[in-house]
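Hi everyone, thanks for making time for this. I'd like to walk you through one structure, piece by piece, so pull it up and follow along.

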Amino acid sequence: MFLPDKVIIADDHPLFRRALLETLKERLATTNWLQAETVEELDALLKQNTDADLLLLDLNIPGAHGFNTLIHVRNHFPQIPVVVVSAYEDSDTINKAMSYGAAGFVPKSTDVGTIFTAINQVLAGELWTPESLNDGTANDSKAEMAERIASLTQQQYKILLMFAEGLLNKQIAYDLNVSEATIKAHATAIFRKLNVRNRTQAVICLGQLDLTEGEFTQELTQ
């Protein structure tokens, strides 16, 4: 069994995160566990810990925009395998997550023993999905959009997320400590890569990969 040195958990539900950590620490006592509750915190941890052995990712953490965070991580940190740990567990969502680069998908309803088995399998270089998973593939148009969004640089992706929050160019420039002209240049590059003409269309592209109620079963009671 491979014993990971460093694992990142990105989940904004403290009760679930604490319960998962306490259980896994009993079996992986030497592992260094890092925690993030938002996409911003996760991005900072990934940049500071490029040697992490594994990322356990909740698709629905604040700022995630559905599958976009998974796609971004796989594009910019391909050396770190990602296991999605989600309160949603329908086959369509699982298949899409796997097609976007996840190494495993573990519903939060899964018992901890099985979660540990899934982690071991992924750390061994294999894929893991629930036994009940039905075959299926992601929608072609979403897959194409996923590739376009994955082509964005980290700075461009961050700016796109700020567009989605409704921030103006001058606000983004201030937050990122760059000139407004730099933001405009990044915007032009984003529009070109996404094959759109303006901010509104760019945000719509981002929204195509958002998680919707129709794609999921009801979220588990915390």
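I'll start with the overall make-up, move on to the sheet and its helices, and finish with the empty spaces.

One thing up front: this is a predicted model. The protein has 10 helices and 5 strands. Of its 222 residues, 49% are buried. Also, if you take contacts with a separation of 6 or more, residues 24 or more positions apart account for 71% of them.

Okay, the sheet. What order do the strands come in? Reading across, the order is 2-1-3-4-5, in an open sheet of 5 strands with parallel pairing. At the edges you'll find strand 2, residues 32–36, and strand 5, residues 104–107, and each of these pairs on one side only. From one strand to the next, the twist averages 20°. If you're new to sheets, here's the background: strands pair through backbone hydrogen bonds, and they can do that parallel or antiparallel.

Let's go through some of the pairs. Strand 1 and strand 3 are joined by 4 bridges in the parallel sense, and Ala 10 sits opposite Leu 57 of strand 3. Next, strand 3 pairs with strand 4, again parallel, over 3 bridges. Look for Leu 56 here: its bridge partner in strand 4 is Val 83. Then strand 4, which covers residues 82–86, pairs with strand 5 in the parallel sense over 4 bridges. On that side, Val 84 has Phe 105 of strand 5 as its bridge partner.

Now zoom in on strand 3, because in a regular strand the side chains alternate between the two faces of the sheet. Which way do its leucines point? Leu 54 and Leu 56 go one way, while Leu 55 and Leu 57 go the other. Are they buried or exposed? All four of those leucines are buried.

So what packs on this sheet? Helix 1, residues 14–27, lies across strand 1, strand 2, strand 3 and strand 4, and it runs at about 170° to strand 2. Helix 5, residues 112–123, packs on the sheet too, touching strand 3, strand 4 and strand 5. The direction of helix 5 makes about 140° with that of strand 3.

On to the empty spaces, beginning with the enclosed one. How many cavities of 30 Å³ or more are there? The count comes to 1, and the largest cavity has a volume of about 30 Å³. Its lining is Ile 9, Ala 10, Asp 11, Phe 16, Leu 20, Leu 56 and Val 85. Strand 1 and helix 1 are the elements that give two or more residues to that lining. By class, the cavity lining has 6 nonpolar residues, no polar ones and 1 charged. You've already met two of these residues: Ala 10, opposite Leu 57, and Leu 56, the bridge partner of Val 83.

Finally, the largest pocket, with a volume of about 470 Å³. There are 22 residues lining the pocket, and Val 39, Glu 40, Asp 43, Lys 158 and Leu 161 lie nearest its centre. The elements giving two or more residues to this lining are helix 2, helix 3, helix 7 and helix 8. Which helix gives the largest share? That's helix 2, with 7 residues. By class, the pocket lining splits into 10 nonpolar, 6 polar and 6 charged residues.

That's my tour, so over to you for questions.

Terms used:
Residues numbered from 1 in each chain as written. Predicted model: local features only at pLDDT ≥ 70, side-chain atom pairs only at ≥ 80, totals over all residues. Heavy atoms only, no water. Pairing = 2+ DSSP bridges. Axes fitted to C-alpha atoms, helices over the stretch in contact; angles between N-to-C directions. Contact = heavy atoms within 4.5 Å. 1 Å grid on protein atoms, 1.4 Å probe; cavity = no way out; pocket = protein on both sides within 12 Å on 5 of 7 lines; lining within 4 Å. Points joined across faces, edges and corners; volume = space filled by probe spheres on them. Nonpolar A, V, L, I, M, F, W, Y, C, P; charged D, E, K, R; others polar. Buried < 20%, exposed > 50% of the residue type's maximum accessible area, 1.4 Å probe, protein only.
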